[in-house]
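This report describes a metal site and the sheet and helices around it. The sequence and structure are shown first.

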Amino acid sequence: MTETLPILYVPAPILRQKAKPVGTGDADAVRALAEKMLATMYKAPGVGLAAPQVGVGLRMVVLDCGPKDAPAPMVLVNPELVAASQELAVREEGCLSLPNQFADVTRPYRVKVRYLSLDGAKQEVEGEGLLSACLQHEIDHLDGKLFVDYLSILKRNMLLRRLAKELKAKVRED
Ligand code: NI
C-alpha cells in the first residue's frame, strides 16, 4: 500500500499561496509525491487533489474523473489553462480541503490544458463537463484559489462558517 498524506483544511495558509513550478531536477521526488497524492485522493475519496492540499507548494495535481469502475488516474505537472469555451456550465463542487461543503459553481464548459507528464513530456488534454470542472478546480488550487471564491460573499461566508463549526466539532470528537 502506498503511503497516504494528511489533507490540509481551510484556513491552512498554503491553500491561499501561489505554488512554484516543478523543476526538472526533481523527477524522483515528484514521482513519489504523485503516487502518494493519488493514494490520498482515492482513499478520501475524491476526484482531484492538488499538491498544496497536502502541504507541498508545487504546481502539480492528480485527478481521476473517469467512471468508478474504470480508474483513469492522471498526473499533471505544471498544468496551464490554454483555452476555455465561451459556453459556461454550472456544476456542484466540493473540495477535500473543505470537507462536506458543496455549492454550484459556474465555469467554462470546455477547456484545454497543457502540462508535463512525470517523464517531462509535453502533453495536452481537452475536457468538457466533469473533467473540465475538475481541471479548472485543481489548477485554481495552484494559484491559491478555492471554489468558494466563485460564490457570493454571503454564500461563501455561510459555507466557511459551517465548515469551521464542523471542523471544531470533529476535533472535539477525535
Ligand atoms: Ni479542491
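Helices here are DSSP runs of type H or I with at least four residues, numbered from the N terminus. By that numbering, His137 and His141 both belong to helix 2, which covers residues 130–142. The two histidines are four residues apart, about one turn of the helix. The model is a predicted one.

**Metal site**

Which residues coordinate the nickel ion? The donors are Cys95 through SG, His137 through NE2 and His141 through NE2, at 2.1 to 2.3 Å. Along the chain, the donors of the nickel ion follow the spacing C-x41-H-x3-H.

Are the two histidines buried or exposed? A residue is called buried when its relative accessible area is under 20%. His137 has a relative accessible area of 7% and is therefore buried. His141 is also buried, because its relative accessible area is 1%.

**Sheet**

Five strands form an open sheet in the order 1-2-3-6-7, with antiparallel pairing. Strand 1 (48–50) and strand 7 (122–128) are the edge strands, and each pairs on one side only. On average, neighbouring strands of this sheet are turned by 40° against each other, direction ignored.

Three of the antiparallel pairings are listed below.

| Strand pair | Bridges | Direction |
|---|---|---|
| strand 1 and strand 2 | three bridges | antiparallel |
| strand 2 and strand 3 | four bridges | antiparallel |
| strand 3 and strand 6 | five bridges | antiparallel |

Individual residues can be placed within these pairings. Leu49 stands opposite Val62 of strand 2. Val61 faces Leu76, which is in strand 3. Strand 2 spans residues 60–63 and strand 3 spans residues 74–84. Glu80 has Arg114 of strand 6 as its bridge partner, and strand 6 spans residues 110–116. In general, strands of a sheet pair through backbone hydrogen bonds, either parallel or antiparallel.

**Helices on the sheet**

What does helix 2, which carries His137 and His141, lie across? Helix 2 lies across strand 1, strand 2, strand 3, strand 6 and strand 7. Helix 2 runs at about 125° to strand 7.

Returning to the pairing of strand 1 with strand 2, three bridges join these two strands. Helix 1 (residues 27–43) packs on the sheet and touches strand 1, strand 2 and strand 3. The direction of helix 1 makes about 40° with that of strand 2.

Conventions
Residues are numbered from 1 along each chain as its sequence is written. This is a predicted model: local features need pLDDT of at least 70, side-chain atom pairs count only at pLDDT 80 or more; totals for chains, interfaces and linings use all residues. Side-chain values use heavy atoms; hydrogens and water are left out. Donors are N, O and S atoms within 2.8 Å of the metal (3.2 Å for Na, K and Ca); water is not among the atoms, so sites may look incomplete. Buried means under 20% relative accessible area, exposed over 50%, partly exposed in between (1.4 Å probe, protein chains only). Two strands pair if DSSP finds at least two bridges between them. Axes are lines fitted to C-alpha atoms, for helices over the stretch in contact, and angles run from 0 to 180 degrees between N-to-C directions. Contact means heavy atoms within 4.5 Å.
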